[in-house]
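Colleague: Could you take me through the ligand site in this one, slowly? I'd like a close look at that part, and then whatever else you have on the helices.

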Amino acid sequence: MRKPFVAGNWKMNKTVEQASLLVADLLPGLQTIEKIDRVLCPPFPSLMVISQMIAGTAIGLGAQNMHWEDSGAYTGETAPAMVKEFCEYVIIGHSERRGYFGETDETVNKKVKAAFAVGLTPIVCVGETLEENEAGKTAAIVKREVLEGLKELASSDAQKLVIAYEPIWAIGTGKTASAEQAEEIIAKIVRGSLAESFGAEVADTIRILYGGSVKGSNAAEIFSMPNIDGGLIGGASLKADDFIKICQAAEGTLE
Ligand code: PGA
């Protein structure tokens, strides 16, 4: 039984002041949704304040990126141990990082290993572009991202992974893959590739999320699919009511 998991990826939104207000709005509702893992991923400047605001609750905190090196001359970067001071999770290889900042399967792999080395749980993102989707390359791209991004990981680490399948054409566009389409890619390609790398037993324990225009109104249908264990939420995670509704939909799958 995989515990449902919902993470809010705030992207480059909210000053520290705005972030504190959003967390204050989220806290009462989120605290009552106890049966799932719910995680906030705000921008770096807000991590310290939010970690204090959620201290003593079961709400998790994640960063949106980090470097793989321990320290050194990497201007503008954040080291794994710095993330670990405040967070339990880190998003790795989001399509915006791959698309705008040149991240590759190789850097994803380094970052995933670096995350586990300091005790962080990576939320690893995979997914195809519209062009790749229309050219019938979805399966090949997603499989490559899973196999290469997670290369040489120990099975004991692999079972702690969280993977997010996000078709890039569905991110922030209002278009979602249908629940059935997402289930098919997640079951066959994502979980299938995990089984190829780590064996079926480990693959069965790994939580796989769907991401891309998930909202309060479509979350329950998406999360009802047997291989979809929750969501990585962008736009809708910036509104307390919407995010809580999505978390409730994930908890509703346990009934
Ligand atoms: P969206 O973003 O929910 O705004 O489509 C999802 C993501 O990029 O993680």
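Modeller: Here is the ligand site, followed by a couple of helices.

Keep in mind that this is a predicted model. The ligand has 13 residues around it, and those that come nearest are K11, H94, E166, G172 and S213. Sorted by class, that shell is made up of 7 polar, 4 nonpolar and 2 charged residues. K11 also makes a polar contact: an N or O atom in its side chain sits 2.7 Å from an oxygen atom of the ligand. With the two glycines, the backbone does the work. G235 puts a backbone N or O atom 2.8 Å from a ligand oxygen, and for G234 the corresponding distance is 2.9 Å. As for cover, the ligand on its own has 290 Å² of accessible area, and the protein covers 95% of that.

Now the helices. Helix α7 runs over residues 138–149, and its end C-alpha atoms are 16 Å apart, which agrees with the 16 Å that 12 residues should span at 1.5 Å a residue. Its buried residues are T138, I141, V142, E145, V146 and G149. Looking down the axis of α7, you find them within an arc of 125°, so they line one face of the helix. That fits the usual geometry: an α-helix has 3.6 residues a turn, so residues three or four places apart point the same way.

Last, F198 belongs to helix α9, residues 179–198. F198 counts as buried because its relative accessibility is 11%, under the 20% cut-off. Its C-alpha atom is 8.7 Å from that of Q159, although the two residues are 39 apart along the chain.

Methods
Residues numbered from 1 in each chain as written. Predicted model: local features only at pLDDT ≥ 70, side-chain atom pairs only at ≥ 80, totals over all residues. Heavy atoms only, no water. Near = heavy atom within 4 Å. Polar contact = N/O pair within 3.5 Å; in protein donor to acceptor, adjacent residues only side chain to side chain. Areas by Shrake-Rupley, 256 points an atom, 1.4 Å probe, with all protein chains shown as cover. Nonpolar A, V, L, I, M, F, W, Y, C, P; charged D, E, K, R; others polar. Helix = DSSP H or I, 4+ residues; strand = E, 2+ residues; numbered from the N terminus. Expected span 1.5 Å × (residues − 1). Buried < 20%, exposed > 50% of the residue type's maximum accessible area, 1.4 Å probe, protein only. Arc of directions from axis to C-beta.
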